[in-house]
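User: Please take a close look at a single part of this structure and describe what surrounds it. I should be grateful for one connected account that then extends to other parts of the chain.

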Amino acid sequence: MTVESVSSVIGIEGLPQLPRLPVIESLPWLAHRDGFMARMLELAERHRDAGAFAIHRPGRRVVFVGNVLLAADLFDDNTSEKVIDGPLVNIRDFAGDGLFTAHGHEANWHRAHRILSPGFSASSMERYFPAMTESLDALLAHWRAARAPVDVVGDMTRLTLDTISLAGFDYRFDSFARPTLHPFLQALARALQESIDALLRPAFAVPLFRGRRAKYASDIELMFSLVDQVIRERRQRPEDSWPRDFLSLMLSESDPKTGERLSDENIRYQILTFLIAGHETTAGLLAFTLHRIARDRSLHERLRREVDAQLDDGVPTMKQVLELDLVRRTLSEGLRLWPTVPAITRAPKEELVIGGRLRVPAGHPIGVLVHALHRDPAVWPEPDRFDPDRFLPEQSKKRPAAAYKPFGVGKRACTGRHFALIEASLCIAMLVREFDFEDPGPLRLSPTVSPKPRALALALRPRRR
Ligand code: MNH
């Protein structure tokens, strides 16, 4: 290494940063009408050349990385790891030490990972497929009967919640039988919002939010009581009639390594984790992708040609769904442009120089802006253009693995990815086949923790033959 390249290594204090005031630090510069994450993504664009920047929340400095060169060195489990920071710290109030929000050193992560992983294998997906088709049928019936533009985000949320709860716990929310979202979903949406809003409050202002905190506590109670009811109902059924789903795994299996079982408290956290992680992100992906398809007539027609050629008239099989190549690539491209987990947090185990230019102290959390990686012009030509063909094998081969991380990295990567992609492929296939869409106009974003289109009303017509 030359002297020059050594001297070009900077520490995190040398990063570009937002202005700071006493006590409230960078808070006045963090507001954005589309939410905190939208602001971070804007900053990532602005600091594209540096590849990283820092902000100061009251009490702490937060570093974000937004290009492939720097991020790639944070994706190796030997030298760095997932850490619980930002909203995940608060989400632990209701997801506890469930798989998503557990610290890597917690025994319950290892235990639950070993007990539940078999339930996520490619071969287990066949068992969940009937729940996917059943839930989708309710959406199709609802859209066929629609006399006005449909609420895409609401309906995709209904679909994915109904699917994960039926597949995972044999529980029916019957969301399409309700004009408004199920109280569980309303409580969850508020609790998630509070988990991110609370990050931006200086300590002195906390008492001003007494009402929000009281609502937060009662929302969490509401979610716990639904989950406890699901567990109780299962235990009341004779064990030989239990379906082979996640709930049965949790209640009857023990850790193959230690023989230990999951505690009742941890099972409650796991169920809530699955209900949350298992629907929000997939709903957002479906809504973004449908928005794109509705804006692009020729993409819609290409998709429809694939679906018509490969599926028969009735309900498809899982194998047929897995073979819908353009549908899958369209979803991959949807997750590139709008990754519904737009940031993950990693920290080096020992001091680490990343991208040959930024020195990160041991244990210092770094927010990796996945959304920004996915639009890094160094690896993605014309990054803002929607093009499913980027995911043809010959093009994918040319990119570094770190360029595309919608499902996270290493041993803490998403366990539900097969589930999500099968569910989403089935949904897109059946919708593009049956309906024509009117162009809904440009995309607007909603300021939620997991990004979604805002107020996306879609006018439908039955397909013209
Ligand atoms: Mn999912 C972890 C993205 C669907 C269950 N998921 C993650 C992570 C990302 C992610 C990113 C890693 C987060 C981090 O590093 O902090 N997940 C997605 C996306 C979709 C998705 C983009 C849909 C599209 N996830 C699902 C579904 C399920 C699920 C569906 C369940 C059926 N995800 C999980 C679980 C984890 C996770 C459980 C935590 C894994 C672990 O750390 O052990």
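Analyst: In this predicted model, a polar atom of the side chain of Asp-387 lies 2.9 Å from the backbone nitrogen of Asp-389. Asp-387 belongs to the loop between helix H16 (370-373) and helix H17 (393-396). Its relative accessible area is 14%, and because buried means under 20%, Asp-387 counts as buried. Asp-387 also has a partner in space that is remote in sequence: Thr-330 is 57 residues apart from Asp-387 along the chain, with 7.7 Å between the two C-alpha atoms.

Helix H17 leads on to the ligand site. The loop between H17 and helix H18 (417-434) holds Cys-414, and the SG atom of Cys-414, 2.5 Å away, is the single donor from the protein to the manganese atom of the ligand. In total, 25 residues surround the ligand, and Cys-414 is among the closest, together with Lys-82, Trp-109, Thr-281 and Arg-412. Two of these residues also make polar contacts with the ligand. A polar side-chain atom of Trp-109 is 2.7 Å from an oxygen atom of the ligand, and a polar side-chain atom of Arg-412 likewise lies 2.7 Å from an oxygen atom of the ligand. The elements that supply two or more residues to the shell around the ligand are helix H12 (280-295) and H18. Of these, H12 gives the largest share, 3 residues. Sorted by class, the shell around the ligand comprises 16 nonpolar, 7 polar and 2 charged residues. The backbone takes part as well: a polar backbone atom of Ala-277 is 3.5 Å from a nitrogen atom of the ligand.

Thr-157 offers a view of helix H7 (residues 152-169), in which it lies. With a relative accessible area of 7%, Thr-157 is buried. A polar atom of its side chain lies 2.7 Å from the backbone oxygen of Val-153. Beyond residues up to four places away in sequence, Thr-157 touches Leu-185, His-279 and Ala-283.

Helix H6 (residues 125-145) permits a check on geometry. Its 21 residues, at 1.5 Å a residue, should span 30 Å, and the end C-alpha atoms are 30 Å apart, so expectation and model agree. The buried residues of H6 include the aromatic side chains of Tyr-128, Phe-129 and Trp-143. Also buried in H6 are, among others, Met-125, Met-132, Thr-133 and Ser-135.

Two further buried positions complete the account. Met-37 is placed in helix H2 (residues 36-46) and is buried, at a relative accessible area of 17%. Leaving out residues up to four places away in sequence, Met-37 touches Pro-342, Ala-343 and Leu-369. By contrast, Val-315, which is 278 residues apart from Met-37 in sequence, is 39 Å apart in space, C-alpha to C-alpha.

Ser-446 is located in strand S11 (residues 445-446), and its relative accessibility of 14% means that Ser-446 counts as buried. The side chains of Ser-446 and Thr-448 are joined by a polar contact of 2.9 Å. Apart from neighbours within four places in sequence, Ser-446 is in contact with Asp-34, Lys-452, Pro-453 and Arg-454.

Key. Residues numbered from 1 in each chain as written. Predicted model: local features only at pLDDT ≥ 70, side-chain atom pairs only at ≥ 80, totals over all residues. Heavy atoms only, no water. Helix = DSSP H or I, 4+ residues; strand = E, 2+ residues; numbered from the N terminus. Buried < 20%, exposed > 50% of the residue type's maximum accessible area, 1.4 Å probe, protein only. Polar contact = N/O pair within 3.5 Å; in protein donor to acceptor, adjacent residues only side chain to side chain. Donors = N, O, S within 2.8 Å, 3.2 Å for Na, K, Ca; no water. Near = heavy atom within 4 Å. Nonpolar A, V, L, I, M, F, W, Y, C, P; charged D, E, K, R; others polar. Expected span 1.5 Å × (residues − 1). Contact = heavy atoms within 4.5 Å.
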